[in-house]
Amino acid sequence: MRYSRNESTLSAEENLRLRSFKVAIVGCGGLGGYLIEMAARLGIGTLTVIDGDVFNLSNLNRQLLSEESNMGLYKSHVAVERIRRINSDVKITSVPLYLDVNNADALLRDHDVVLDALDALRPRFIVQQACERLGIPMIHGAIAGWYAHVATIYPGDRLLEQIYPQPMQELDNPLGNPAFTPAFAASIQIAEMLKVLLERGDTLKGQLLQVDLLMHRYETIPLKA
Amino acid sequence: MITVNGRTMAGLEQKSIEEVILLHYPYAKIYVKYNGRHVEPEEYPQLILAQGDQLQVIHLMAGG
């Protein structure tokens with residue numbers, strides 16, 4: 001009954017298969033909050049949620065997991081509490097740490113897909129490198145103001161080097177992020193995750209979906225993989 | 001025809017990269033490749049698009 005409204009979109013067999021998958025979500029903020037929520041409601045069997053940050057007031061405009069009552073609490077711990085209330089079948093593990101070169105392989109090993117919900121470039125490249133070593137597809141998403149992009153990166157494709165100029169430099173974000181942009185980008189990332197896991201449909205492998213929500217411009221840019 | 005972000009677009013011959021960007025890519029920070037070569041902002045006005053050229057314009061963002 002819990003998944004009956006998913007069953008016209010996914011077959012009964014596919015719905016069952018989702019329970020066998022293990023997905024890591026790196027970052028539990030704007031993108032991450034929506035990703036965790038949707039993955040749990042879809043019935044992904046095992047989730048690992050990774051973030052060393054705590055909630056503060058500036059998160060309340062967009063981060064689904066943030067509430068006035070949980071300021072100062074670890075985002076990953078809050079995610080676990082919420083998901084346990086939504087879907088107790090999901091095995092969810094909180095990792096209240098920042099992912100870095102020293103812990104990336106250990107944190108991401110044995111997952112079927114990694115969802116990139118980070119807010120800085122350096123750790124995104126660390127995730128891409130770890131996913132390549134571990135043979136795990138990575139769904140990259142990033143946002144700024146009215147703008148978003150998503151790419152599905154298979155091991156060896158190294159699309160981040162195509163998306164960001166090298167040598168990599170961190171980017172500031174003077175546009176900020178309103179509530180709808182992370183919700184939009186996370187939805188695309190979750191659809192990509194499902195297609196990768198279930199081997200269905202067309203994915204953004206080797207491509208970047210670039211979206212301008214202000215002017216309604218949606219481009220799928222082929223990248224050299 | 002000119003290919004912009006993988007899509008062929010008519011009417012861009014003889015336009016500079018700067019004109020295309022002003023028209024279609026108002027986003028403040030962009031990463032531009034012209035026929036596969038990364039080009040810097042100071043080159044945008046001088047580079048005039050011709051038949052068969054390929055332009056890639058990627059919005060630079062890292063928010064999450």
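Contact here means heavy atoms within 4.5 Å. Keep that cut-off in your viewer as we walk through this predicted model.

**First stop: Val32(B).** Select Val32(B) and show its surroundings. Leaving aside residues up to four places away in sequence, Val32(B) touches Ile17(B), Ile21(B), Arg37(B), His38(B), Val39(B), Tyr44(B), Leu55(B), Gln56(B) and Val57(B).

**Second stop: the cores.** Now widen the view to the largest nonpolar core, which has 54 residues. Val32(B) is one of those with the most contacts inside this core, together with Ile17(B), Leu55(B), Leu108(A), Val127(A) and Ile163(A). Colour α5(A) next: that helix supplies the largest share of this core, six residues. Apart from this core lies another, of 44 residues; to find it, pick Ile25(A), Leu31(A), Ala148(A) and Leu204(A), which are among its members.

**Third stop: the cavity.** How many cavities of 30 Å³ or more does a search of the whole structure find? There is one, and about 40 Å³ of space lies in it. To see its lining, select Gln128(A), Cys131(A), Glu132(A), Ile136(A), Met138(A), Ile153(A), Tyr154(A), Pro155(A), Gly156(A), Asp157(A) and Arg158(A). By class, that lining has six nonpolar, two polar and three charged residues. Helix α5 (residues 121-134) of chain A turns up again here, giving the most to the lining with three residues.

**Last stop: confidence.** Colour chain A by pLDDT. The mean is 96, and 100% of the residues of chain A reach 70 or more. Look at strand β1 (residues 22-26) of chain A for the highest confidence in that chain, at 99, and at helix α1 (residues 12-18) for the lowest, at a mean of 94.

Notes:
Residues are numbered from 1 along each chain as its sequence is written. Chains are lettered from A and ligands numbered from 1 in the order in which they are written. This is a predicted model: local features need pLDDT of at least 70, side-chain atom pairs count only at pLDDT 80 or more; totals for chains, interfaces and linings use all residues. Side-chain values use heavy atoms; hydrogens and water are left out. On a 1 Å grid over the protein atoms alone, a cavity is a set of points where a 1.4 Å probe fits but cannot get out, and a pocket is an open set with protein on both sides within 12 Å along at least five of seven lines; lining residues have an atom within 4 Å of a point. Grid points are joined across faces, edges and corners, and a volume is the space filled by probe spheres set on the points. Helices (H or I, at least four residues) and strands (E, at least two) are DSSP runs, numbered from the N terminus. Ala, Val, Leu, Ile, Met, Phe, Trp, Tyr, Cys and Pro count as nonpolar, Asp, Glu, Lys and Arg as charged, and the others, Gly among them, as polar. pLDDT is the predictor's confidence in each residue, from 0 to 100. A nonpolar core is a set of buried Ala, Val, Leu, Ile, Met, Phe, Trp, Tyr and Cys residues joined through side-chain atoms within 4.5 Å. Buried means under 20% relative accessible area, exposed over 50%, partly exposed in between (1.4 Å probe, protein chains only).
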